[in-house]
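User: I am new to this structure and would like to understand the terms used for it. Please explain each one as we go.

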Amino acid sequence: MTRTVVALQTPYRVSEPDLIARVLAGDRIAARELYDAHSPRVFRLAFRLTGDADLAREFTQDTFVRAFGQLARFRGDSALSTWLHRITVTVVANAMRKVKRFRERETDLEDVHPVSSDGAGVDPVLRERLHRAIDDLPEIYRTTLIMHDIEGYTHTEIAEVMGVAEGTCKSRLSQARAQLRATLADLAPELES
Amino acid sequence: MTEDRFEELMRDAAHTYRKPPQPDLETMWKAIERASFGASAGGGSTHAGRSKPRGLSLVANRWVAIAATLLVGVALGRVSASLGRTSAQPAAMASMSVASATPAARSDSSTLAQPYEVETSRYLGQTAALLIALPSEARAGRADEQLASRASDLLGRTRLLLDSPAANDPTMRNLLEDLELVLAQVARLQNDHSRTDIDLINRALEQRDVLPRLRTAVADISAD
């Protein structure tokens with residue numbers, strides 16, 4: 001645990017390309033350093049996309065197992081973080097297609113996304129409706145919106161992760177937001193533009 | 001104003017929508033290290049409990065598990081062949097016995113390797129038996145733990161089959177994927193499950209036409 005904290009608080013002693021080379025040579029310490037540096041954000045992304053802590057853990061693990069297994073293919077054209085997040089989005093998308101039907105049904109019954117008490121200024125009903133509206137967005141719109149508006153990725157980063165043009169990414173975000181506005185219009189008429 | 005209000009909502013969502021918990025990085029790392037660098041990794045005997053990933057555990061134990069299930073399948077097939085059909089067996093299991101007893105007579109043109117076919121056949125029969133019995137057992141509130149336990153076992157075998165040549169056939173793969181979802185639901189049934197839980201499972205079975213497809217698959221594989 002101490003090691004995790006140290007690794008997160010201090011920059012690499014060696015550069016990321018050097019760490020990658022060491023991992024390729026079988027160095028577990030280097031692998032752990034890469035993991036410590038990138039796993040919190042990978043987990044956050046996986047959780048935001050799934051809304052389920054167990055699945056997020058599983059997908060984070062899958063992401064790193066795949067990443068270490070395919071590290072030789074990483075050519076450094078993009079940042080390692082971008083490459084990792086691309087794997088995460090792919091892992092999550094593939095797996096969630098399988099469970100989506102049941103997740104949707106369960107959502108009706110047990111509300112798997114408890115609303116946090118943060119942000120007390122917003123009407124809880126409106127907030128809950130917004131959360132459900134985000135859940136109901138088509139996958140590509142939802143992923144784009146979550147990455148941009150919730151997790152703070154730039155359009156450039158999202159475009160690289162999703163393998164699309166930046167313009168496509170902006171267009172998807174715009175579509176996603178338009179759908180959210182339309183969904184919320186009956187609760188907050190002033191949102192209808 | 002409109003934009004401001006919407007932006008305010010989205011800013012709120014950034015703090016409230018699926019707010020991530022603190023991940024247990026150490027536990028996840030142990031599983032990753034085991035899968036990526038081998039069993040001897042970092043005192044890898046420390047198991048992560050529920051955090052142990054399905055994918056990783058499959059990678060780690062896949063061949064051992066497949067070998068074990070195949071051995072059991074072949075052994076049961078031979079026993080079934082020597083005993084013939086027994087009336088005490090449920091109908092689905094009886095058809096499995098026939099299927100298990102006959103692979104030696106099948107031609108090499110079968111699309112599945114024999115061991116996989118035997119295991120698939122057994123698995124389909126047992127799954128059919130469970131799903132057919134589910135409504136009455138669950139309605140009566142009987143044997144919930146047993147149901148969940150059997151479903152859990154079948155769920156594991158579903159995943160093994162999905163990763164095996166048995167899933168090369170698209171029709172079989174689709175069926176296995178649907179069964180995976182249904183069995184996951186059954187495995188999660190609690191003692192205090194509501195009527196709605198069962199209804200959801202039944203609805204899933206009906207909407208996906210699972211039972212008829214399952215019966216067809218059992219019949220097909222037995223007839224091969």
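User: How many helices and how many strands does the secondary structure of chain A come to?

Analyst: In this predicted model, the secondary structure of chain A comes to 9 helices and 0 strands, and the pattern read along the sequence is α-α-α-α-α-α-α-α-α.

User: Why are H6(A) and H9(A) called oblique to each other?

Analyst: The axes of helix H6 (residues 124–136) of chain A and helix H9 (residues 166–184) of chain A come within 10 Å and cross at roughly 135°. Angles over 145 degrees count as roughly antiparallel and those from 65 to 115 as roughly perpendicular, and the angle here fits neither range, so the two helices are oblique to each other. The crossing of H6(A) and H9(A) is right-handed.

User: Which residues of H6(A) and H9(A) meet, and what makes up their contact?

Analyst: On the side of H6(A), Leu126(A), Arg129(A), Leu130(A), Ala133(A) and Ile134(A) meet Leu180(A), Thr183(A) and Leu184(A) of H9(A). The residues of this contact divide into 6 nonpolar, 1 polar and 1 charged.

User: How do you know whether Arg97(A) is buried or exposed?

Analyst: Arg97(A), which has its place in helix H5 (residues 80–110) of chain A, has 11 C-beta neighbours inside 10 Å. A residue with 12 or fewer counts as exposed, and therefore Arg97(A) counts as exposed. In chain A, 36% of the 193 residues count as buried.

User: How far apart are Arg97(A) and Glu139(A) in sequence and in space?

Analyst: Arg97(A) and Glu139(A) are 42 residues apart in sequence, while their C-alpha atoms are 9.5 Å apart in space.

Notes
Residues are numbered from 1 along each chain as its sequence is written. Chains are lettered from A and ligands numbered from 1 in the order in which they are written. This is a predicted model: local features need pLDDT of at least 70, side-chain atom pairs count only at pLDDT 80 or more; totals for chains, interfaces and linings use all residues. Axes are lines fitted to C-alpha atoms, for helices over the stretch in contact, and angles run from 0 to 180 degrees between N-to-C directions. Helices (H or I, at least four residues) and strands (E, at least two) are DSSP runs, numbered from the N terminus. Angles under 35 degrees count as roughly parallel, over 145 as roughly antiparallel, 65 to 115 as roughly perpendicular and the rest as oblique. A crossing is left-handed if the near helix is turned anticlockwise from the far one by less than a right angle, and right-handed if clockwise. Two residues are in contact if their C-beta atoms, placed from the backbone, lie within 7 Å. Ala, Val, Leu, Ile, Met, Phe, Trp, Tyr, Cys and Pro count as nonpolar, Asp, Glu, Lys and Arg as charged, and the others, Gly among them, as polar. A residue is buried if 20 or more other C-beta atoms lie within 10 Å of its own, exposed if 12 or fewer, and partly exposed in between; C-beta atoms are placed from the backbone.
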